[in-house]
Amino acid sequence: ILGFSGWSLFGATANVANQQGTNVVLNMFTNVTVNAAMGIANQVNSAVYSFVSNFQTAFNPQLVKSYATGEEEEFDRLIIRSAKFSFILMWFIVLPLIINLEFVLQIWLKDVPPFSIGFVKLILIHSLIESINGPLWMAVQAAGNIKKYQIIVSCLIFANLPFSIIALSLGANPYWILFIRIILECLITIFRLIYLKVTQRFSANFFIKDVILPLLILMLLSYVSTYLISSNFYGVGFFFISCTVSVIVNILFAFFVGFNSSERKEIFAFFRRVDNE
């Protein structure tokens with residue numbers, strides 16, 4: 001128990017150091033206005049990601065239980081379903097927000113600091129990747145042996161700071177702090193899939209085929225469709241139309257692209273049960 005909690009604390013420390021260190025790095029190479037823009041981005045991200053965090057919390061006990069009882073198929077199914085539903089839930093919120101971000105920030109702040117829009121978009125993209133990673137992280141935690149895992153993942157998380165310092169010292173745009181964070185999060189995703197494949201015989205290839213690729217297609221199709229359909233409107237009209245359209249296209253593409261045939265059957269069965277009750 002002490003070993004598990006100790007290595008978990010090590011990972012949590014790396015996360016905190018990365019988040020707080022980002023502000024220090026920005027202060028070193030930019031100014032207070034840029035740091036304020038990052039603060040706004042973090043506020044928006046915290047509000048959006050809280051929905052996904054609460055959703056994933058409900059899945060965690062089931063993941064641990066299925067692993068402890070040796071139900072490998074159920075364990076794999078829960079990882080895939082949780083990752084897929086987490087991303088889709090977050091994308092329902094992120095899509096209309098990204099399309100209307102300038103309008104929303106102007107209403108909220110009136111005077112929008114430079115870099116705010118770019119920071120918010122990039123940090124939301126990072127959180128979308130992180131939403132897929134949540135179930136993978138919990139699957140690793142379920143096994144209990146996390147020493148090697150935490151060392152590698154924590155080093156990748158903390159690497160954002162030295163890479164950001166190097167990039168900014170060479171004259172890079174402040175956006176590169178989040179570009180680097182996104183790249184490292186992608187590397188962490190790859191490592192987690194490989195780690196689960198080696199230690200728990202999890203099918204990483206199936207995860208890529210059934211989760212990552214359909215979600216990328218879903219994201220592209222829904223974004224393009226929402227923007228094109230709403231492009232003839234302006235101002236408040238664009239905001240309300242784009243929000244409405246985003247909900248409709250997300251439901252359609254999530255059902256026909258994001259979910260596979262067995263998941264669609266389960267959704268139909270669920271609504272039939274609700275209707276009968």
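Visitor: How far is the sulfur of cysteine 186 from the closest cysteine sulfur, and which residue holds that one?
Guide: The closest cysteine sulfur belongs to cysteine 155, and the separation is 19 Å, which is too far for a bond. A disulfide is counted when a pair of cysteine sulfur atoms lies within 2.5 Å.

Visitor: What is a disulfide, chemically?
Guide: It is a covalent bond between the sulfur atoms of two cysteines.

Visitor: Before we go on, what kind of model is this, and how are residues numbered?
Guide: This is a predicted model in which local features need pLDDT of at least 70 and side-chain atom pairs count only at pLDDT 80 or more, while totals for chains, interfaces and linings use all residues. Residues are numbered from 1 along each chain as its sequence is written, and side-chain values use heavy atoms, with hydrogens and water left out.

Visitor: How many disulfides does the structure hold?
Guide: The number of disulfides is 0. Cysteine 155 takes part in none, and its nearest cysteine sulfur is that of cysteine 186.

Visitor: Are those two cysteines buried or exposed?
Guide: Cysteine 155 is partly exposed, at 47% relative accessible area, and cysteine 186 is also partly exposed, at 34%. Here buried means under 20% relative accessible area, exposed means over 50%, and partly exposed lies in between, with a 1.4 Å probe and protein chains only.

Visitor: New topic. What secondary structure does the chain have?
Guide: The protein chain has 11 helices and 0 strands. Helices (DSSP runs of H or I, at least four residues) and strands (runs of E, at least two) are numbered from the N terminus.

Visitor: And what are the overall dimensions?
Guide: Along the principal axes, the C-alpha atoms fill a box of roughly 55 × 50 × 30 Å. The radius of gyration is 20 Å, which agrees with the value near 19 Å for a compact globule of 277 residues. That radius is taken over C-alpha atoms, and the globule rule is 2.2 Å times the number of residues to the power 0.38.

Visitor: What share of the residues is buried?
Guide: Buried residues account for 43% of the 277 in the protein chain.

Visitor: How many aromatic pairs are there?
Guide: A search of the whole structure gives 15 aromatic pairs. Rings of Phe, Tyr and Trp (its six-membered ring) pair if their centres lie within 6.5 Å; planes under 30 degrees apart count as stacked, over 60 as edge-to-face, and the rest as tilted.

Visitor: Which type is the pair of phenylalanine 115 and tyrosine 175?
Guide: That pair is edge-to-face, because the planes stand at 70 degrees, with the ring centres 5.2 Å apart. The two residues are 60 residues apart: phenylalanine 115 is in the loop between α4 (101–109) and α5 (116–143), and tyrosine 175 is in the loop between α7 (160–169) and α8. Phenylalanine 115 is partly exposed at 26%, and tyrosine 175 is partly exposed at 23%.

Visitor: What about tryptophan 176 and phenylalanine 179?
Guide: These two form an edge-to-face pair, 5.4 Å from centre to centre with 70 degrees between the planes. Both are in helix α8, 3 residues apart, so about one helical turn separates them.

Visitor: Which residues form a ring cluster?
Guide: Ring pairs join Phe103, Phe239 and Phe240 into a cluster.

Visitor: Which residues make the nonpolar surface patch?
Guide: The patch of about 670 Å² is made by Trp176, Phe179, Ile183, Leu187, Ile190, Ile194 and Val198. Patches are made of residues with over 30% relative accessible area and no salt bridge (a side-chain nitrogen of Lys or Arg within 4 Å of a carboxyl oxygen of Asp or Glu). Like charges are joined within 9 Å, and nonpolar side chains (Val, Leu, Ile, Met, Phe, Trp, Tyr) within 5 Å. Accessible areas come from the Shrake-Rupley method with a 1.4 Å probe, and for residues only the protein chains shown count as cover.

Visitor: Where does isoleucine 194 sit?
Guide: Isoleucine 194 is in helix α8, residues 176–200, and is partly exposed at 48%.

Visitor: One last thing: what is notable about phi in phenylalanine 115?
Guide: Phenylalanine 115 has a positive phi of about 75 degrees although it is not a glycine. Arginine 201, in the loop between α8 and α9 (204–230), also has a positive phi, near 55 degrees. Arginine 201 is exposed, at 64% relative accessibility.
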